[in-house]
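Trainee: Could you take me through one part of this structure slowly? I'd like a close look at the second largest cavity and what sits around it.

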Amino acid sequence: MARLEHVNVTVADPRATAAVLQDLFGWHTRWEGSAINGGFTVHVGGDDSYLALYTGPAGGRDQVAADNSYLRRGGLNHIGVVVDDLDAAEVAVKVAGFTPHSHADYEPGRRFYFHEGNGVEIEVVSYA
């Protein structure tokens, strides 16, 4: 079976976004460096999967280019993160200054969503 390795998201400041995700989810920076189109990327996550956080040569200015996703910030629906303790994760999200919303219990788990600083929606789910 195939597995998801990473998702690449354009953000204003990859290091700042990585720091928030590290604080919230206990992730670490796997790699950072120069990237496509003169940009900069930070890979943040765990040992088996990560988010690639990219900013273009304009230093994260909001640019819209229909044919170039590397210049468009937040062009996705949401990113799902699985945690062991949903209640503790929600406290951490609130402490970080974000507002949880759309709470739901469903088979087989519970979830909530929040928008991080770039406007990217993150779903936090627990199957515990």
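Mentor: Sure, let's start with what kind of residues surround that space. By class, the second largest cavity is lined by eight nonpolar residues, one polar and one charged. Keep in mind that we're looking at a predicted model. The cavity holds about 60 Å³ of space, and a search of the whole structure turns up two cavities of 30 Å³ or more. Here's the full lining, so you can click through it: V9, V11, T17, L21, L51, L53, I79, E116, V120 and I122. Two elements, α1 and β4, each give two or more residues to that lining.

Let's pick T17 from that list. T17 lies in helix α1. Is T17 buried or exposed? Its relative accessible area is 10%, and the cut-off for buried is under 20%, so T17 counts as buried. Leaving out residues up to four places away in sequence, T17 touches V11, L53, E116 and N118. Look back at the lining and you'll find V11, L53 and E116 there too.

Now for the sheet beside that helix. Four strands make an open sheet in the order β1-β4-β3-β2, with mixed pairing. At the edges stand β1 and β2 (28-35), each with a single partner strand, so one side of each has no neighbour in the sheet. From one strand to the next, the twist averages 20°. Helix α1, residues 14-25, packs on this sheet and touches β2, β3 and β4. The direction of α1 makes about 5° with that of β3.

How do strands hold on to each other in general? They pair through backbone hydrogen bonds, either parallel or antiparallel. Here, β3 and β4 pair in the antiparallel sense over six bridges. One residue to find is L51 in β4, the bridge partner of V44. L51 also belongs to the cavity lining.

Next, find I79, another residue of the cavity lining. Side chains in a regular strand alternate between the two faces of the sheet. You can follow that along β5: I79 and V81 point to one face and are buried, while G80 and V82 point to the other and are not. β5 pairs with strand β8 (residues 121-126) in the parallel sense over four bridges. The bridge partner of I79 in β8 is I122, and I122 is on the cavity lining as well.

I79 and L51 also take us to another space, the largest pocket. Its lining has 15 residues, and L4, S49, L51, I79 and G80 lie nearest its centre. The elements giving two or more residues to that lining are β1 (6-10), β4 (50-55) and β5 (79-82). Among them, β5 gives the most, with three residues. The pocket has about 240 Å³ of space, and its lining divides into eight nonpolar, six polar and one charged residues.

Finish with S49, in the loop between β3 (39-45) and β4. S49 is partly exposed, with a relative accessible area of 35%. S49 and L4 are 45 residues apart along the chain, yet 7.0 Å separates their C-alpha atoms. Not counting residues up to four places away in sequence, S49 touches L4, E5 and R30.

Key: Residues are numbered from 1 along each chain as its sequence is written. This is a predicted model: local features need pLDDT of at least 70, side-chain atom pairs count only at pLDDT 80 or more; totals for chains, interfaces and linings use all residues. Side-chain values use heavy atoms; hydrogens and water are left out. On a 1 Å grid over the protein atoms alone, a cavity is a set of points where a 1.4 Å probe fits but cannot get out, and a pocket is an open set with protein on both sides within 12 Å along at least five of seven lines; lining residues have an atom within 4 Å of a point. Grid points are joined across faces, edges and corners, and a volume is the space filled by probe spheres set on the points. Ala, Val, Leu, Ile, Met, Phe, Trp, Tyr, Cys and Pro count as nonpolar, Asp, Glu, Lys and Arg as charged, and the others, Gly among them, as polar. Buried means under 20% relative accessible area, exposed over 50%, partly exposed in between (1.4 Å probe, protein chains only). Contact means heavy atoms within 4.5 Å. Two strands pair if DSSP finds at least two bridges between them. Axes are lines fitted to C-alpha atoms, for helices over the stretch in contact, and angles run from 0 to 180 degrees between N-to-C directions.
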